[in-house]
Amino acid sequence: MAVVSRIVRSRPSSFSSYYYISRTFSSAIREETDLKAASLLGQDKPLPLRREPRGGSVQWVFLGCPGVGKGTYASRLSNLLDVPHIATGDLVREELSSSGPLASQLTEIVNQGKLVSDEIIINLLSKRLEAGEAKGESGFILDGFPRTIRQAEILEGVTNIDLVINLKLREEALLAKCLGRRICSDCGGNYNVACIDIKDGNGSPGIYMAPLLPPPHCASKLITRSDDTEVVVKERLRIYNEMSQPVEEFYRIRGKLLEFELPGGIPESWPKLLQALNLEDHEDKQSAAA
């Protein structure tokens, strides 16, 4: 594991059992906890942002539009901090490929670019947390959850989230990035054939994101996800933007929201994200110096 340099404070007592969390998720979905954004905006000014984890393991959340790179950066931080990366998108895809009871329902939802319901997401997440409890996992980085006020309220009621990282990327770059995604049908590797080069203008800095091309043995086996069409991607972004503002405000007023504008691809963004989080990746530095 990479050596990590970070500020650590003692974590207050909280619900530490994943078993308890997963059971509470299952029961809490039946409660009416749909907090309206208007009531949030009427509260006091936001608390100071807390970037530092408050114990030996972190409990972080990644927010951001579909395709912005939540999975990429959450996975890197998961390896760096030695905590599990739990992506609700992966949970949905696993269920789709399993031919389980939800597979046909999920296929229709995903192909239409709609968002999966709270009930289904929490059911899948509950199963994942129970599996983590059985393996003795500690801490987590959630990717794709919560995405509604109801989900945020449920999560806040059962565990203490340290930090919420909200990744942002200009919409034209985001659309090109989503349409460039490819998957190797043989090994399952994720790649991106889009070369994004947006010049600066109107006060906005330019942005360059190099393609992530596959190795030669995967080049002829690339496929596109069924939901990565322009119509579906635009609809997904529209729905997300409508729903995201209340969730962002929910965490902003609690002093837990870190807004991070991606300046480019991984080489440009990763060091700056680590700096924003008060983290150091010594292995990454050694690789760069080699």
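**A small sheet, a buried cysteine and a covered helix**

In this predicted model, R182 sits opposite Y191 of strand β6. That pair is a handy way into the sheet. Strand β5, which covers residues 181-184, runs antiparallel to β6, and three bridges link the two. Zooming out a little, the sheet is an open one made of three strands, arranged β6-β5-β9 with antiparallel pairing. At its edges lie β6 (190-192) and β9 (222-223), each of them paired on one side only. As a bit of background, strands in a sheet pair up through backbone hydrogen bonds, and this can happen in a parallel or an antiparallel way.

Next comes a cysteine in a loop. C65 belongs to the stretch joining β1 (59-63) to α3 (70-81). Its relative accessibility is 15%, so C65 counts as buried, the cut-off being under 20%. What does C65 touch, leaving aside residues up to four places away in sequence? The list runs to K70, L167, L174, L237, Y240 and N241. Of these, Y240 is worth a second look: 175 residues separate C65 and Y240 in sequence, yet their C-alpha atoms are 6.5 Å apart in space.

Helix α7 offers another case of burial. Spanning residues 149-158, α7 is mostly covered, with seven of its ten residues buried. Which residues of α7 are the buried ones? They are I149, R150, Q151, A152, I154, L155 and V158. In general, an α-helix has 3.6 residues a turn, so residues three or four places apart point the same way.

Terms used
Residues numbered from 1 in each chain as written. Predicted model: local features only at pLDDT ≥ 70, side-chain atom pairs only at ≥ 80, totals over all residues. Heavy atoms only, no water. Pairing = 2+ DSSP bridges. Helix = DSSP H or I, 4+ residues; strand = E, 2+ residues; numbered from the N terminus. Buried < 20%, exposed > 50% of the residue type's maximum accessible area, 1.4 Å probe, protein only. Contact = heavy atoms within 4.5 Å.
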